[in-house]
Protein chains: 2
Amino acid sequence: MMSHKKEYLLLLDDHGIRPTANRILVAEALDRAGRPMSLMELEDRLLTLDKSSISRCLTLFKENHLVHALEDGSDAVRYELCHSRSHHEDDDQHVHFYCEKCHRTFCLHETPIPSIDLPDDYVALSVNYMVKGICAACKSKS
Amino acid sequence: MMSHKKEYLLLLDDHGIRPTANRILVAEALDRAGRPMSLMELEDRLLTLDKSSISRCLTLFKENHLVHALEDGSDAVRYELCHSRSHHEDDDQHVHFYCEKCHRTFCLHETPIPSIDLPDDYVALSVNYMVKGICAACKSKS
DNA sequence: GTTTTTCATGCAACTTGGTTGCAAAAGTTT
DNA sequence: AAACTTTTGCAACCAAGTTGCATGAAAAAC
């Protein structure tokens, strides 16, 4: 995780995104959360921004490959900050875990997505491996 | 794929679902489609049913493990008929493919989901492996 | 360094996918 | 058949997210 505003500014720059104050806040919030966040979750943490502004940031980030979006089965898309410094394709494809109890989504950074063979003539552009269940924290609590 | 109404009736019965006319129609439509269908897609094929009725069928089917729901990144959940005759957990976990061009989702029945090791104390309840890209039909068309 | 032009933002209104309340219809039980 | 339960259609509602538009901030042109 980064800690200075300036680093987020550079990160945005790296991805060809003009670093406005709002955008830095959104990038920072995503990074500090340490897990993929939904629009609504970000709204709760960025009280000063309108949800439409956050939404537009996320869309822009996605277009510029600063975040990638993932559907976890909650009915909200979540956005994860790409930690690769370049704006090229993700080198860091890992499994995600959605906890059905606490409704949080975790990155299993240590667990790469096993690859598969597609049928002929299917072109893969992205892959999502999502496990749903009960996370360690919720399990120990029950 | 089945072909007689009676078979759907039995299928519903097997899963402890009272087989009303509407429910048989929904099960049949799902089966005939041969791919996971969204509520909206089903609405288009079942003009005589109200969407709330279809929605309630799908919810009921899901509760009784006759369908399972999957999020494919379109913003609509899709429902796939479980072909296992029993109402127990799916023996038939396969990869899905979402075409970003025609917005259809396909089952890659021949491609089982490769398993992974979860970190300690994480309990997996279900797994979703979703590939997005361009399907064979759309690729050949372009 | 001010004007011009482009870009970003907040607000409210809208869109979309889906659910719910309720009364009528269909199906069960006695 | 009467009493009861379940299912259905309709309309109203809801939540998540997007869009139109007027205002404000930043960058480019002069």
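These are my notebook entries on the DNA surfaces, the chain contact and the cavities of a predicted model.

**Entry 1: DNA strand C**

I began with the residues around DNA strand C and found 19 of them. The closest are Arg18(A), Arg23(A), Ser53(A), Arg56(A) and Ser55(B), so both chains turn up in my list.

Next I asked myself which part of the strand the protein meets: sugar or phosphate, or bases? Of the strand C atoms within 4 Å of the protein, 66% belong to sugar or phosphate, and bases make up the rest.

Then I looked up some individual distances. Ser53(A) has a side-chain N or O atom 2.3 Å from a phosphate oxygen of strand C. For Thr20(A), a side-chain N or O atom is 2.9 Å from a phosphate oxygen of that strand. Chain B joins in through its backbone: an N or O atom of the Val77(B) main chain lies 3.1 Å from a phosphate oxygen of strand C.

I also noted where the surface comes from. Helix H2 (21–33) and H4 of chain A, along with helix H3 (39–45) and H4 of chain B, each give two or more residues to the surface near strand C. H4(B) has the largest share, with four residues. Sorted by class, I get eight charged, seven polar and four nonpolar residues.

**Entry 2: DNA strand D**

On to the other strand on my list. How many residues surround DNA strand D? I find 19, and the closest are Lys51(A), Ser55(A), Thr20(B), Ser53(B) and Arg56(B).

Sugar or phosphate accounts for 67% of the strand D atoms within 4 Å of the protein, with bases as the remainder.

I picked out three side chains of chain B here. Thr20(B) places a polar side-chain atom 2.8 Å from a phosphate oxygen of strand D. Arg23(B) does so at 2.9 Å, also to a phosphate oxygen. Asn22(B) reaches a sugar or linking oxygen of strand D instead, with a polar side-chain atom at 3.4 Å.

For the surface near strand D, the elements that each supply at least two residues are helix H3 (39–45) and helix H4 (51–63) of chain A, together with helix H2 (21–33) and helix H4 (51–63) of chain B. H4(A) gives the most, four residues. The class tally here is four nonpolar, seven polar and eight charged.

**Entry 3: Chain A against chain B**

I then left the DNA and turned to the protein chains. The contact takes 34 residues from chain A and 35 from chain B. About 2,800 Å² is buried between the two chains, and carbon and sulfur atoms give 64% of that area. Which three residues supply the most of what chain A buries against chain B? They are Ile116(A), Tyr122(A) and Tyr129(A), which together supply 20%.

**Entry 4: Cavities**

Last, I checked for enclosed space. I count two cavities of 30 Å³ or more, and the largest has a volume of about 70 Å³.

Which residues line the largest cavity? From chain A I wrote down Glu71(A), Asp72(A), Asn128(A) and Met130(A); from chain B, Glu71(B), Asp72(B), Asn128(B) and Met130(B). Strand E6 (123–134) of chain A and strand E6 (123–134) of chain B each supply at least two residues of this lining. By class, I have four charged, two polar and two nonpolar residues there.

Definitions and conventions
Residues are numbered from 1 along each chain as its sequence is written. Chains are lettered from A and ligands numbered from 1 in the order in which they are written. This is a predicted model: local features need pLDDT of at least 70, side-chain atom pairs count only at pLDDT 80 or more; totals for chains, interfaces and linings use all residues. Side-chain values use heavy atoms; hydrogens and water are left out. A residue is near a molecule or strand if one of its heavy atoms lies within 4 Å of it. A polar contact is a pair of N or O atoms within 3.5 Å; within protein, one must be able to donate a hydrogen and the other to accept it, and residues adjacent in sequence count only if both atoms are side-chain atoms. Ala, Val, Leu, Ile, Met, Phe, Trp, Tyr, Cys and Pro count as nonpolar, Asp, Glu, Lys and Arg as charged, and the others, Gly among them, as polar. On a 1 Å grid over the protein atoms alone, a cavity is a set of points where a 1.4 Å probe fits but cannot get out, and a pocket is an open set with protein on both sides within 12 Å along at least five of seven lines; lining residues have an atom within 4 Å of a point. Grid points are joined across faces, edges and corners, and a volume is the space filled by probe spheres set on the points. Contact means heavy atoms within 4.5 Å. Buried area is the accessible area (1.4 Å probe) that two parts lose on being put together, summed over both.
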